[in-house]
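Okay, thanks for coming, everyone. I'll put the structure up now, and then we'll walk through a helix pair, some salt bridges and a few backbone oddities.

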Amino acid sequence: MVAPMFEHPEIEGGFRGRKIAWGFSGGIAAFKACQAMRLFIHEGAEVRAAMTEAATRFVGELTVTALSGAPVLTDVLEPSQDALYGHLDLARHAELMVVAPATADVLARLAQGMANCAVTTTVLAVRCPVLIAPAMNVAMWENPAVQRNVEILKSYGRYHFVGPAAGLLADGDVGFGRLAEPWDILEAARGVLAKKDWMGRKVVITSGPTREHLDPVRFLSNPSTGRMGHALARAARDRGADVVLVTGPTNLPDPHGIQTVHVVSADEMLEAVNEAVEGADAFIAAAAVADQKSARIEPQKVKKAAAAMTLALVPTPDVLATVAARVREWKERPVLVGFAAETESLVENATKKLREKGLDLIVANHVGVGAGGFETNVNEAVLVAEGAPVEPLSLRAKRELADAILDRAHRFLRERS
């Protein structure tokens with residue numbers, strides 16, 4: 001049975017066991033920050049919160065307690081709260097502190113090193129990175145004093161910012177000042193916490209299905225959603241890599257900060273990868289490329305006929321094998337990672353594919369078995385490499401699987417250097 005944290009269509013995992021401190025300051029965006037905090041909790045994070053007095057006017061302390069499952073710090077001078085877990089305990093155990101929403105007032109106090117409320121006291125006491133998500137009126141955000149405070153905080157090195165976003169504000173004004181979307185706050189936190197072992201590396205990743213048209217309205221394809229490839233791209237980006245994502249048609253948004261190339265057919269994907277792979281340190285072929293295409297693409301829609309019809313198919317180009325053959329003789333070729341979705345003889349078929357295509361690593365998984373596979377946010381797999389024991393990866397979120405794949409690929413880079 002899939003764990004509840006994976007029920008949300010965008011939840012990927014990756015915060016399991018991470019300790020997050022959350023600071024709420026007073027603003028209408030506090031309700032939206034509750035949604036963001038809940039995303040962290042769904043991903044397995046242990047979240048404990050502090051609130052300014054003004055924040056409790058917008059979101060009740062009881063609400064935050066119910067969402068986080070932990071007492072909320074609101075008054076560092078309140079004996080009962082201090083006796084419960086100590087007013088610095090929240091800061092001592094945090095791996096990341098998120099301040100969302102962060103008002104102009106809180107930004108000013110943090111920039112000046114003031115500690116006169118539960119939130120600012122906690123922020124000044126933490127030794128971990130701090131992610132700040134500002135939210136305020138557009139005129140306030142554009143005020144030179146606010147911008148100066150933002151620059152002061154950035155100059156310290158441990159403060160990171162996400163947002164604000166632009167749009168219609170609660171007071172009717174339009175412009176920058178909206179709290180970043182909950183998903184964007186979660187993504188920014190991933191980037192802050194991720195190790196930077198891929199810094200300065202270039203990674204090319206394929207994702208999604210390809211479509212091989214029969215006529216203008218029909219095509220051959222498969223159920224791939226692109227979630228695995230996109231998770232790999234975001235994970236590599238967060239770990240410092242310069243990522244090029246070549247993706248077939250999906251319903252997923254383009255990942256922020258990643259060069260995304262959209263293609264439709266296998267021929268288009270091969271052309272895009274051949275261009276992108278120059279200078280790459282790794283090529284990860286996570287796309288589910290269609291194996292066949294029609295021998296002829298009809299220029300007009302084929303009308304339904306009563307008689308049986310025969311469709312002549314020809315092979316599509318093998319993107320992974322073609323690229324692997326091209327780079328094989330390079331003095332510094334990229335690490336080559338492929339995927340194998342199998343219905344039988346998983347390790348045997350994956351090993352055959354590894355050798356035939358001259359790859360470094362194969363990520364193999366059974367399709368149609370268990371909770372993983374297409375159209376899910378979880379998967380289980382085995383990693384197959386020449387001369388190494390098969391490494392099983394138990395059922396986990398695709399984001400967590402992506403990090404495990406990148407860990408193994410990075411070992412190849414280390415061994416070469």
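One cut-off before we start: helix axes at an angle under 35 degrees count as roughly parallel. Also, keep in mind that this is a predicted model.

So, the helix pair. Two packed helices get described by the angle between their axes and the distance between the axes. Here the pair is H12, residues 266-276, and H13, residues 319-327; their axes come within 10 Å and cross at roughly 25°. With that cut-off in mind, H12 and H13 are therefore roughly parallel to each other. As for handedness, the crossing of H12 past H13 is right-handed. Who makes the contact? On the H12 side you have Ala 266, Met 269, Leu 270, Val 273 and Asn 274, and on the H13 side Val 319, Thr 322, Val 323 and Arg 326. Sort the residues of that contact by type and you get six nonpolar, two polar and one charged.

Next up, salt bridges. Side chains of opposite charge can pair when their charged atoms come close. How many salt bridges does the structure hold? There are 29, and I'll pick out three.

Start with Arg 190 and Glu 43, where the closest N and O atoms are 2.8 Å apart. That one links distant parts of the chain: Arg 190 is in helix H10, residues 182-193, while Glu 43 is in the loop between helix H1 and strand S2, and the two are 147 residues apart. Buried or exposed, then, for Arg 190 and Glu 43? Both Arg 190 and Glu 43 are buried.

Staying with H10, the side chain of Glu 187 meets that of Arg 234 in a salt bridge, 3.3 Å from N to O. Arg 234 is in helix H11, residues 227-238, and Glu 187 is in H10, so this pair ties together parts 47 residues apart in sequence. Arg 234 counts as buried at 10% relative accessibility, and Glu 187 counts as buried at 11%.

Then there's Asp 407 with Lys 195, closest N and O atoms 3.0 Å apart. Asp 407 lies in helix H15, residues 398-416, and Lys 195 lies in the loop between H10 and strand S8, so here the parts tied together are 212 residues apart in sequence. Asp 407 is partly exposed, with a relative accessible area of 30%, and Lys 195 counts as partly exposed at 47%.

Now the nice bit: Glu 43, Glu 187, Arg 190, Lys 195, Arg 234 and Asp 407 belong to a network of salt bridges, with Asp 197, Arg 237 and Arg 399 also among its members.

While we're on H15, have a look at His 410, which lies in that helix. His 410 counts as buried at 10% relative accessibility. Leaving out residues up to four places away in sequence, His 410 touches Asp 197 and Trp 198.

Last topic, the backbone. Most residues other than glycine have a negative phi, and most peptide bonds are trans. Where are the cis ones I wanted to show? A cis peptide bond joins Ala 100 and Pro 101, with omega about 0°, and Pro 101 sits in strand S3, residues 96-102. The bond from Gly 163 to Pro 164 is cis as well, omega near 5°; Pro 164 is in the loop between strands S5 and S6.

And finally Ser 345, a residue other than glycine with a positive phi, near 45°. Ser 345 is in the loop between strand S16 and helix H14, and is partly exposed, with a relative accessible area of 41%.

Key. Residues numbered from 1 in each chain as written. Predicted model: local features only at pLDDT ≥ 70, side-chain atom pairs only at ≥ 80, totals over all residues. Heavy atoms only, no water. Axes fitted to C-alpha atoms, helices over the stretch in contact; angles between N-to-C directions. Helix = DSSP H or I, 4+ residues; strand = E, 2+ residues; numbered from the N terminus. Parallel < 35°, antiparallel > 145°, perpendicular 65-115°, else oblique. Left-handed = near helix turned anticlockwise from the far one by under 90°. Contact = heavy atoms within 4.5 Å. Nonpolar A, V, L, I, M, F, W, Y, C, P; charged D, E, K, R; others polar. Salt bridge = Lys/Arg side-chain N within 4 Å of Asp/Glu carboxyl O. Buried < 20%, exposed > 50% of the residue type's maximum accessible area, 1.4 Å probe, protein only.
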